[in-house]
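Biologist: Please take a close look at one part for me: the nonpolar core and whatever is built around it. I'd like the numbers and the cut-offs behind them, too.

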Amino acid sequence: MKPFISIKPFIIILVALPILLSACGTFEVGIEPFLTPTSLPDKDQKEQNSTPTETALPTSDIPPTQTSTPTASNFPDLVSIGQLVPFVNMEIGVLTLKDGQLNVEPSPVNYGIWWDYSPQSGGLAYSSEFFHTSISNNLAVSDLWVYDYQTGTDEKWIDDNVTRAAWAPDGEHLTAAVYNPESEQINLVLVSGPDEVEVISDCASELFSWSPTGEMLAYVNAIDWLNLDVDETCLGTYLVSFPNDISGEGRDISRVSDFGTQDLSAYQVLDQPLWALEQNALVYPDSPFWIVPLDGSPAFIPQTPGDQEPMNLPRPYGNLWSPQLNQLVGNVESGPTGFGGVGFGGVWVYQLSNDLRKIEDYYRIGDTPQEENSFVELIDWWLPGESILILDGDKIDPSQYLSEVWREPAVWSLLDNQWIDVLDQ
């Protein structure tokens with residue numbers, strides 16, 4: 001049986017990529033057996049890949065996630081690879097949710113990096129090849145393509161120098177961090193089509209996220225761990241407000257915090273600030289995480305239970321924030337065993353006080369020893385703020401799925417701290 005693939009090797013590769021490439025010239029880095037970036041498949045291969053035979057997963061009586069407004073569409077409400085290593089592997093396939101039915105089906109594109117999916121437009125943002133270094137700096141970059149689930153077609157939107165991309169709330173614009181070889185800084189841009197690029201900030205980073213209302217965008221401009229010489233005058237945390245249309249006039253950028261100027265732990269691929277709107281703050285993952293007030297007061301690490309060292313707590317990434325419960329939910333890499341025999345790895349939940357100044361409790365879902373539940377993977381909300389859709393790392397039935405990498409989907413209640421009507425369990 002093949003071992004489960006975690007995101008940890010990808011993180012190591014991303015951090016070590018500039019060192020490897022600077023030592024090896026034009027050497028293209030991947031993970032065996034995908035050492036060479038793979039170009040898009042030809043037309044015949046695309047047609048074959050875009051008309052998959054769906055493999056039905058067990059059904060559930062739980063209503064589907066409401067992360068998007070229900071619409072009469074022919075594209076899924078969710079398309080995800082979870083937190084699997086986002087490099088090309090057509091055998092892994094994608095997890096889809098449509099009409100309340102979860103399925104695993106072949107990926108419609110031959111992706112090198114998985115960027116993001118929009119349930120509003122049915123657009124899948126991806127890269128056709130794995131990371132390579134930029135021409136003038138040791139920075140990992142790639143291209144940007146969009147596959148349209150409605151038409152079954154794809155096109156290139158940006159040719160090169162993309163470090164991260166994510167859909168804006170309208171589902172029509174992509175937000176992308178793009179390296180500028182001339183300024184040697186990262187531009188934060190809006191992209192609405194092939195080469196249709198509008199610069200938001202000319203000194204930003206890939207650590208950005210949209211507010212739940214879609215009216216604001218936050219980004220943290222910190223010292224880049226991939227050796228990019230960030231202009232010190234740009235360091236800090238910024239808010240971009242969009243009072244009118246997302247691409248219209250009247251946009252405003254303000255520096256709201258010094259956060260980003262201090263030493264932070266090496267960031268993960270999926271790090272981004274989370275919005276705690278009721279507390280007028282951002283939650284930023286670190287060790288374990290920082291709270292960044294938006295009123296100008298200093299950022300702080302919440303008080304940890306028993307005054308433990310924050311570095312000793314599991315560091316979450318790929319996070320979700322529940323405003324109803326003041327809970328942070330995130331994946332954690334496997335690590336040393338501790339905390340009364342419960343080790344790192346899996347999906348962890350942090351309960352914060354109403355003012356976010358204290359971590360009142362934290363636990364790993366399932367509350368099982370490391371060897372039994374380390375490979376649970378967070379997918380998305382099931383009922384936003386109340387329950388999460390995960391892949392159960394200990395439930396494997398290769399006869400049901402396209403790849404042994406896929407585990408059984410399951411739902412965990414944050415309200416009751418237990419499985420609720422676990423799919424096929």
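Modeller: Let's fix one term up front: buried means under 20% relative accessible area, exposed over 50%, and partly exposed anything in between, using a 1.4 Å probe and protein chains only. This is a predicted model, so local features need pLDDT of at least 70 and side-chain atom pairs count only at pLDDT 80 or more, while totals for chains, interfaces and linings use all residues. Residues are numbered from 1 along each chain as its sequence is written, and side-chain values use heavy atoms, with hydrogens and water left out.

Now the core (buried Ala, Val, Leu, Ile, Met, Phe, Trp, Tyr and Cys joined through side-chain atoms within 4.5 Å). The largest one has 19 residues, and the members touching the most others are L188, I200, F208, W210, L217, Y219 and F242. Five strands each put in at least two residues: strand 10 (174-180), strand 11 (185-193), strand 13 (208-210), strand 14 (216-221) and strand 15 (236-241). Strand 11 is the top contributor, with 3 residues. These numbers come from DSSP runs counted from the N terminus, with strands (E) of at least two residues and helices (H or I) of at least four.

W210 is a good place to zoom in. Skip its neighbours within four places in sequence, and W210 still contacts W167, A168, P169, T175, L190, M216, L217, F242, I246 and W275; contact here is heavy atoms within 4.5 Å. There's also another core apart from this one, made of 18 residues including W115, A140, V146 and L174.

Next, the strands around W210. Strand 13 and strand 14 pair in the antiparallel sense over 3 bridges, and pairing takes at least two DSSP bridges between two strands. W210 has L217 in strand 14 as its bridge partner, and L217 also turns up in the list of W210's contacts. The two strands make a hairpin with 5 residues between them, and G214 in the turn has a positive phi of about 80°. On to strand 14 and strand 15: these are antiparallel as well, joined by 6 bridges, and M216 sits opposite S241 in strand 15. Strand 14 is largely enclosed by the rest of the structure, because 5 of its 6 residues are buried.

The loops beside these strands hold a covalent link. A search of the whole structure turns up 1 disulfide, counted when two cysteine sulfur atoms lie within 2.5 Å. The pair is C203 and C234, with sulfur atoms 2.2 Å apart, and the 115° about the S-S bond makes the link right-handed. C203 is in the loop between strand 12 (196-201) and strand 13, while C234 is in the loop between strand 14 and strand 15, so the bond joins distant parts of the chain, 31 residues apart. Both ends are tucked in: C203 is buried at 8% relative accessible area, and C234 is buried at 11%.

Aromatic rings deserve a quick look outside this part. The whole structure has 16 aromatic pairs; F130 and F131 make one, edge-to-face because the ring centres are 5.7 Å apart and the planes are at 70°. Phe, Tyr and Trp rings (the six-membered one for Trp) pair with centres within 6.5 Å, and planes under 30 degrees apart are stacked, over 60 edge-to-face, the rest tilted. F130 and F131 are both buried. Elsewhere, F289, W348, Y350 and Y362 form one aromatic cluster.

Finally, confidence. The protein chain averages a pLDDT of 75, and 68% of the residues score at least 70; pLDDT is the predictor's confidence in each residue, from 0 to 100. By element, strand 17 (residues 274-276) has the highest mean, 97, and helix 1 (residues 8-24) the lowest, 33. Residues 1-72 have pLDDT below 50, although the model gives this stretch 142 contacts beyond near neighbours in sequence. Residues 336-342 stay under 50 as well, with 17 contacts beyond four places in sequence. Where pLDDT is low, predicted coordinates shouldn't be read in detail.
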